[in-house]
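I opened my notebook to see what I could look up in this structure. Come along and check each entry against the picture.

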Amino acid sequence: MIKILRYPLETAICCILAALTVVVFSQVVARYVLQAPLSFSEELARFLLMWLSMLSAAYAFRMKSHFALRILVEKMPESIQRKVSIAVHITVTLFFLLILYQGVKYVLGVSGHIAPALQIPMEIPYSSIIVGSALIVWDSSKATWLELMGLNANLPPPSET
Amino acid sequence: MAGIDGAQCQPATPFGNIVATAVVIILFVALLTSVPIAVALGLASLAGLWLIAPGSLVLLPQKILSGIDAFTLLAIPLFILAGTIMGRGGIARRIVNLALIFVGRVKGGLGFVVILSTMFFSGVCGSASADTAAIGSTTMPEMLRRKYPKPFATALLAASGATASIIPPSIDLIIIGVVSGISIGGLFAAGLLPGVFNAIALMALCYFYGRRLDLPVAESTSWKEKFQVVADGGLALLMPVIILGGILGGVFTPTEASAIAVVYGLIVSLFIYRELSITELPDVFLQAARLTGMVMLILGMASAFSFVLAFERIPHELAALIVNYADRWVVFVIIVNIVFFLLGMIMDALPALIILMPILVPAGVALGMDPIHIGIFVAANVTISLFTPPVGVCLFVACGLSKLPIEAVFRPLLPFLAVLLLTLLTISYVPEITLFVPRLLGY
């Protein structure tokens, strides 16, 4: 229980992934065993996938595992590498801040639309992009801050000679 | 500004287009400064949308979401999860053991084991890096224990893990199918023979090396032991049969098969082999989620990017350009192969697939090619980029397992690269290899 509270993102991802498996699997079971195709499973699975994608993307940012090309940057001296790394963190933060803002605008724009099979408002699946970007903004601004502090703490004062 | 004037006059070539030029420059600057690929694509689309109309930025979240909203795409997280479960739950190890009793006694037999196991494991797992990691973590220590040269062992694992990924299920094939509107079942059926063909070519190379380096053979096993391994590994081997048989036989869709693979993998690992405990599950799920997040975010951003290009009619002009130069399919194939090979050298192939395939498939079809054949030879090309330096993921995984720096593997990789380029050319120019199975099954 404590673990669930301490790791809300991780818990949410595991639950969604499990739910996704159950939904798609029960679609097969319903079709073959019960001979009664489910009407809502496809839509539900698609909405779960949107949430899973955005939350997992945020999780991948937290674990610093997104694909990036580092060949060029790795050839540079340490001090420049750090500056580039900070610049990248700031870029990521600002970019997702913008996605967050536009995402809110987009979700407000679809209010009133209802999903045909599940009969739920479309804000529910589409909000995933808001939550995902907010998490990425939070994590990458934290990473920026840490890196900035690390830069001040770990490096000797730059010698001007 | 001069740029605004430029936007107003009609562009003569794709690169006379100011929006396209700006977008491509931003993309490459961002990529080269180690901005994550997904964000680099997002930044480029952002710039493009802003140049088209500053008020259209709300299209960005819309396009990202619509890029990941398809029932067929569900197969991606689920096949990744299935692969992770089976790698951790002892299924990968049993496939290796099975291969060992069949081909372990040949000179260089462990190499055969690596090739066969990555191939079979790829039949249940959608991701090349997961395949390489799962099979490599068992076979690499074995190869090193039997005094296989480290760089050779690493190159072998990277090459076979990468090329096995064309065996269905495959994330690349799912994405190719979704973005260019080709039947995924058809692509899966078509990927089978080229995958086996690659494996045979690799085994021939391995046999040659086995002789030349005088590689040791595995210890002989008694018939009793052999029987035990087969009995123990039967369930693991049944898995690819169920998944592929089910999809190819039309019993269930690729998406449904992915859920079945997860459930089967869970039952076998948790209750039959008992190598995975329930407490480890969150860890397994999160490992799968990480790759899912990376792939899906690239997919979303690349569809926003594709939208910007489409708005500027770039795909249209590019297709016209291609058809202009490649007036016969023979030329088309070589151009497409060169483009993907070069792109694959410098970056992950996923964005290139998402952006280029919707353009290339209709262009190829116009030249009389079968869309399935186009999808497969491009996928085969992309598998090569998975083990070529500097950015091949399978190479990273293999080097991680053998603890070698990537530079040490460059030379031993060359023969593998040469052999696989030859098979790529064969697959590209002999459509029958690809189309035999799907035609048999009526796709």
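My entries below go from chain-level values to single residues.

**Entry 1: getting my bearings**

I reminded myself that this is a predicted model. I began with chain B and looked up its helices and strands: there are 21 helices and zero strands. Then I checked its radius of gyration, which is 22 Å, close to the 22 Å from the globule rule for 443 residues, so chain B is as compact as a globular protein of that length. Along the principal axes, the C-alpha atoms of chain B fill a box of roughly 80 × 45 × 45 Å.

I also wanted to know how much of chain B is buried: 60% of its 443 residues count as such. Its accessible surface is about 16400 Å², and carbon and sulfur atoms account for 70% of that. For contacts in chain B between residues at least 6 apart in sequence, I noted that 79% join residues at least 24 apart.

**Entry 2: a nonpolar patch**

Which residues form a nonpolar patch on the surface? I found Leu321(B), Tyr325(B), Ile334(B), Ile335(B), Ile338(B), Val339(B), Leu342(B) and Leu425(B), which together have about 700 Å² of accessible area. Helix 15 (314-325) and helix 16 (329-346) of chain B each give two or more residues to the patch. Helix 16 of chain B supplies the largest share, five residues. I picked out Leu342(B), which sits in helix 16 of chain B. Leu342(B) counts as exposed because its relative accessibility is 54%, and the cut-off for exposed is over 50%.

**Entry 3: salt bridges**

I kept one idea in mind here: side chains of opposite charge can pair when their charged atoms come close. The count over all chains is eleven salt bridges.

In chain A, I looked up the pair Glu10(A) and Arg62(A), whose closest N and O atoms are 3.9 Å apart. This pair links distant parts of the chain, 52 residues apart: Glu10(A) is in helix 2 (residues 8-32) and Arg62(A) is in helix 3 (residues 41-62) of chain A. Are the two partners buried or exposed? Glu10(A) is buried, at 13% relative accessible area, whereas Arg62(A) is partly exposed, at 32%.

In chain B, I found that Asp283(B) and Arg88(B) meet in a salt bridge at 3.2 Å, N to O. Asp283(B) lies in helix 14 (residues 281-311) and Arg88(B) in helix 5 (residues 75-88) of chain B, so this pair ties together parts that are 195 residues apart in sequence. Asp283(B) is partly exposed at 45%, and Arg88(B) is partly exposed at 31%.

My next pair was Asp214(B) and Lys107(B), with closest N and O atoms 2.7 Å apart. Asp214(B) is in the loop between helix 11 (184-212) and helix 12 (223-248) of chain B, and Lys107(B) is in the loop between helix 6 (91-103) and helix 7 (109-122) of chain B, so the pair ties together parts 107 residues apart in sequence. I also noted one network, in which salt bridges that share partners join Arg93(B), Arg94(B), Asp232(B) and Glu275(B).

**Entry 4: a serine in a helix**

What does the side chain of Ser180(B) reach? I found the backbone oxygen of Ile176(B), at 2.5 Å. Ser180(B) belongs to helix 10 (residues 171-180) of chain B. With 17% relative accessibility, Ser180(B) counts as buried, because buried means under 20%. Leaving out residues up to four places away in sequence, Ser180(B) touches Met357(B), Pro358(B) and Val361(B).

**Entry 5: backbone oddities**

Most residues other than glycine have a negative phi, and most peptide bonds are trans. I went looking for exceptions.

Pro168(B) and Pro169(B) are joined by a cis peptide bond, with omega about -5°. Pro169(B) is in the loop between helix 9 (150-164) and helix 10 of chain B.

Lys64(A) has a positive phi, near 55°. I located Lys64(A) in the loop between helix 3 and helix 4 (71-74) of chain A, and it is exposed at 58% relative accessible area. Ser34(B) has a positive phi too, near 65°. Ser34(B) is in the loop between helix 2 (18-32) and helix 3 (37-52) of chain B, and at 7% relative accessibility it counts as buried.

Notes:
Residues numbered from 1 in each chain as written. Chains lettered and ligands numbered in written order. Heavy atoms only, no water. Patch = residues over 30% accessible without salt bridge, like charges linked within 9 Å, V, L, I, M, F, W, Y side chains within 5 Å. Areas by Shrake-Rupley, 256 points an atom, 1.4 Å probe, with all protein chains shown as cover. Salt bridge = Lys/Arg side-chain N within 4 Å of Asp/Glu carboxyl O. Helix = DSSP H or I, 4+ residues; strand = E, 2+ residues; numbered from the N terminus. Buried < 20%, exposed > 50% of the residue type's maximum accessible area, 1.4 Å probe, protein only. Polar contact = N/O pair within 3.5 Å; in protein donor to acceptor, adjacent residues only side chain to side chain. Contact = heavy atoms within 4.5 Å. Rg over C-alpha atoms; globule rule 2.2 N^0.38 Å.
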